[in-house]
Amino acid sequence: MLSKFVLLSILFIFLLNTQEALRFGNTASYYLKKRCQRRNLIRLRSIVVDEAEKGFVDAYENLEDGERCLVALKAWEDSSRNYFLGAGALVEVSNNEVTLWLGESDERGVGLNAQVLALVRLGLELMAFGLDSYEKISAEVSGPGSRLAASRLGFEYSNENELLFEDKVKGPAALTALAVDNLDFRSAAVHALRSLSRRQKWYLKVSQENDTRATLSQTHYYLSRAFLSLEESLFFKSISLDFDTAHLDSVDGISSHHCLLLEDGKYLVPQTESLVSKIIPRVEAIIHSSALCSTTKSIKVRDVFLREYFAANDASFINQQRSSLAPHFDTWADATLVIDLAPLEHDGGLYIQTHTHPSTRRLIPFSANGTDAFIHDNSILHGVARLSRGKRRSLIFWLSAKQSSFENQSNVLLNYNDMHRAYCCAANMENNQNDDYSAADAQSIYAALAERGHSLSACRLGSIREGHGDLVGACAAWILAARDGNTLAQEALADVLSNVAENEDMKDLQSRVTLAPGDNFRQLAKLWAKLASHRDVSALI
């Protein structure tokens, strides 16, 4: 009897627990189903961007003292404007700083992808207003959608946890990717790139304008005020000499239009010998006292020459006389001293560039009297911006020390991760082949530098491989450099890609060249072909 009672009790408890479990299971299933039910998201067909209504950014509620809204935009899903996707504004904080405001929509049916795409498009439109006018561009975001959009536009967090546009590498690369990968973004991204490229007309900032030696960098370059006297500057500016127009410059193959005053320590022009010999000790002294070549006390002035540039619309330009000089390194010298003898008589002029993208280009702020000297080592990418007005004459000193071995020197520089100088050593090895080193040695250094992301080395490596008949290897190297904004690599790659469809031997090139995830081979071809046909490639990318 007792055992029957126990068995019935156990059965009753079991049935009770089962009923509770079923009730709980049904309830949990209901809530899970409700929670996980897929939202009905809109299908984004197109994005329409409109200017926001007046007062959308309210001066009293939204802006701090001193801030000014330059432009505010809204993004909608197609022309019917049924769905609001997001909004943004460009707000001036100070004379050299703007903030990009991005805010995603909270409307039902607008998913994360739609938010990001809309804010990227809207952000590109806004950035075209400010990239060429403001030095610092920050972003303020309101959620995950706007944060992802800012990242795709080239913004990254600084050490102070501030979201800033990075204009040297990530920013240009991000805008280029948007121009290549998405037809809807291409026009707006190209406008933003053009706006960014106009930074190349900015001047390098000098921290101590009135100092006799305004230091810009302790290690690679600086500007020395009043290095020449007014009389010395006027002498070199006005002296009449024969300039060599037959010699073609190794940088661009155009007439160098220079006059050698001193070559490898030997004076060539009697009229200038006395003054040049007087200036050389000052040049060597200022180099030795700087941090540029402090470890190389044997550095000496080897060459001194004058160069002339003419406005591109000048009649003399028709005679192949130069109006600009492409960005390059002085591979023949350890240090260079340049004096612009009449800065006010022309536009354009000497610039330095800290990266391959022209947005990092900065003109050197020479004083009007033509007495300043700009000194840099051979790790500095530099050139002369195109003249559209006047005539430019400059006095240049090349200094170098006799090196025991370019190869040993380049290996030391590689170990210290000084890639620009290692590149210059490889170029010297290539130009001065002998029993100690050959072109193959230079190529191995280019390859090592390309692996570390040095775009100039990757570009040169591509040209060498092309010369050896290795077109696949050449394209692989050029793609590395082209993604980094190297215009020479972009042109070379566009040349090759435009022939892929026409050349039977190149039909399998697409499958043999390794592209990064997300790259579209056909769109890369189209964009680079367009860039290659553009008169001034640097104006686009």
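## A four-stranded open sheet

Four strands line up in the order 13-18-15-16 to make an open sheet, with antiparallel pairing. Strands here are DSSP runs of E, at least two residues long, and helices are runs of H or I with at least four residues, both numbered from the N terminus. Two strands pair if DSSP finds at least two bridges between them. The edges belong to strand 13 (325–328) and strand 16 (361–363); each has a single partner strand, so one side of each has no neighbour in the sheet. From one strand to the next, the twist averages 25° (axes are lines fitted to C-alpha atoms, and angles run from 0 to 180 degrees between N-to-C directions).

Looking at one pairing, strand 15 (residues 349–353) and strand 16 run antiparallel and are joined by three bridges. Ile 352 sits opposite Arg 362 in strand 16.

## What the model is

This is a predicted model, where local features need pLDDT of at least 70 and side-chain atom pairs count only at pLDDT 80 or more, while totals for chains, interfaces and linings use all residues. Residues are numbered from 1 along each chain as its sequence is written, and side-chain values use heavy atoms, with hydrogens and water left out.

## Salt bridges between buried residues

There are 15 salt bridges in the structure, each being a side-chain nitrogen of Lys or Arg within 4 Å of a carboxyl oxygen of Asp or Glu. One of them pairs Asp 340 with Arg 392, with 3.3 Å between the closest N and O atoms. Asp 340 is in strand 14 (residues 335–340) and Arg 392 in strand 19 (residues 391–400), so this pair ties together parts 52 residues apart in sequence. Asp 340 is buried at 3% relative accessibility, and Arg 392 is buried at 1%. Buried means under 20% relative accessible area, exposed over 50%, and partly exposed in between (1.4 Å probe, protein chains only).

Asp 249 and Arg 307 form another salt bridge, their closest N and O atoms 3.0 Å apart. Asp 249 comes from the loop between helix 6 (230–238) and strand 10 (258–263), and Arg 307 from strand 12 (residues 300–310), 58 residues apart. Both residues are buried.

## A mixed pair and a network

Lys 74 bridges to Glu 53, with the closest N and O atoms 3.0 Å apart. Lys 74 is in strand 2 (residues 68–77) and Glu 53 in the loop between strand 1 (47–51) and strand 2, so parts 21 residues apart in sequence are tied together. Lys 74 is buried, at 14% relative accessible area, whereas Glu 53 is partly exposed, at 44%.

Finally, a network of salt bridges links Glu 97, Lys 136 and Glu 162.
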